[in-house]
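Hi,

Here is the structure I promised to pass on. Have a look at it first, then read my notes underneath.

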Amino acid sequence: MAKTAADINSIDDLTPHQKAAILTIVLGDNLSAKVLSYLPKSDIEAISKEIAFMKMVDPKIMRQVVDEFYKMLKAKEFMSVGGLEYAKEILVKTLGPEEAQRIIDKLIKMMESSYGFDYLENIDPKQLVKFIQNEHPQTIAIILAHLDQSTAAEVLSLLPKELQADVTLRMASLENVSPTVIKHVSEILESKLENVSGSNIELGGVRKVSEIINRMGRVESKALIDAIAEHNPDLASQIRDMMFVFEDIIKLSDQDIQELLKHVDKKDLVMALKGASDELKDKFFKNMSSRAAETLKEELEFLGAVKVKDVERAQKVIVDVVRKLDEEGVISIGGGGEEVLA
C-alpha cells in the first residue's frame, strides 16, 4: 500500500505516481495540464488521486523530486546522443559515480518496462484467439490487459468458457507485472505474429476487468461474473460495483429513467441526487411531471447539509435497483443482451 504524504520521509518512499503528482504541483496548473494531456487516462486518474491526498509535502522532498526529474531528463538526452556508456561517463563527471549509477539504473528500469502490445491494436480478435487460447491463463491475462476494453471483451467472450473465469480472475490481480515477464510474453507472441513493435501500456486490475466486462453482452457478462463469484465472491462484488455507478444512470434512456422512478423510494432519490451532477438531476427532472419535478427541486433545496456516507448509501440503493431491473430485463444499462425484432 502506498504511503501517504504524512508517512513520506524520503524520495525513496514515493511511488512513481506520487512523484508525478509532486512534479505536477510544482509545474503549476497550465503547464501540468499540457503534460497530463499526453498521458493515458489511467495515469491521469492515479496522479489526480495522489494530488488530492497530498495536502502537505516537505519542501525538501519536492526539491528532490524536481532534481531527480532533471537528472533523468539529462541522462536520457546523453543516451540519445552517444548511448548508455556515453551517458554514464558524462553523469559520473557531473554527479559522481554513486549518483550517476543510481540515475542510470532508474533509466534502464524505465526502458525495460516499455515493452508493450501496440502491435495488437489492429489484429482481428478471432485471429488473436487462435494464437493465444492454448497459452497459460496467466499469459492470456497479461495479453488481454494490454488490449483496449472493447477488443479485450470480444477476445474474452471468444475464449473457451472454462477459460474465461480463470483468465478474468488473473487479470484482476495484475496490479504490478515485472518488465521481464512483460518482455517474455511479448516475445511469445513475437514468434507467432509478424510486424511486432512495442510500447508501454498501463495494466489494469479490477477496474480494467470491470470496464471489459461492461462491454460484453448482458447475458455473457452476468454468466461470467457468476462464474467469478463461485471462485471469489469479494472480487465479483468489486467488479459489479465498478461496472455501474450512480452517475452512469445518465446513460439510461428516458424510458428506462421513467421505469426506474417507479421502483425507487423518494427519500433515497432526494438524498442520492444531493451529490449528483446538475446534468444527472436534469435527466431525472425531465422524466417527471412538472409538479413532481418542482417538488423534488424544493426538497433538494431544503435538505441542507448531509453526510457524504448517507449520500453514498442512497446512491448505492438506487444502483442496486437499476441492476435488479436490468437483470429482470425491465431496463437495459447497455452492453447488448438478447437480440429483438420489431
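Below is what I found when going through the structure.

First, keep in mind that this is a predicted model. The secondary structure comes to 18 helices and 0 strands. Of the 342 residues in the chain, 38% are buried. The accessible surface is about 20300 Å², and carbon and sulfur atoms account for 52% of that. If you take the contacts with a separation of 6 or more, 78% of them join residues 24 or more positions apart.

Now for the inside. The largest nonpolar core has 31 residues, and Leu144, Leu159, Val167, Ile213 and Ile239 are the ones with the most contacts inside it. Several helices give two or more residues to this core, including H6 (125-132), H9 (161-172) and H13 (233-243). Helix H7 provides the largest share, with 6 residues. Try clicking on Leu159: leaving out residues up to four places away in sequence, Leu159 touches Val129, Gln133, Ile140, Leu144, Gln164 and Val167. There is also another core, apart from that one, with 27 residues; Leu260, Leu269, Phe284 and Val319 are among them.

Val319 also turns up in helix H18, as one of its buried residues. H18 covers residues 308-327, so to speak 20 residues in a row, and it reaches 28 Å from its first C-alpha to its last, close to the 28 Å expected. Its buried residues aren't just nonpolar names, by the way: Gln315, Arg323 and Asp326 are on the list too. Just after H18, look for Gly329, which takes a positive phi of about 80 degrees.

Cheers

Note on methods: Residues are numbered from 1 along each chain as its sequence is written. This is a predicted model: local features need pLDDT of at least 70, side-chain atom pairs count only at pLDDT 80 or more; totals for chains, interfaces and linings use all residues. Side-chain values use heavy atoms; hydrogens and water are left out. A nonpolar core is a set of buried Ala, Val, Leu, Ile, Met, Phe, Trp, Tyr and Cys residues joined through side-chain atoms within 4.5 Å. Buried means under 20% relative accessible area, exposed over 50%, partly exposed in between (1.4 Å probe, protein chains only). Helices (H or I, at least four residues) and strands (E, at least two) are DSSP runs, numbered from the N terminus. Contact means heavy atoms within 4.5 Å. Accessible areas come from the Shrake-Rupley method with a 1.4 Å probe; for residues, only the protein chains shown count as cover. The expected span of a helix is 1.5 Å times one less than its number of residues.
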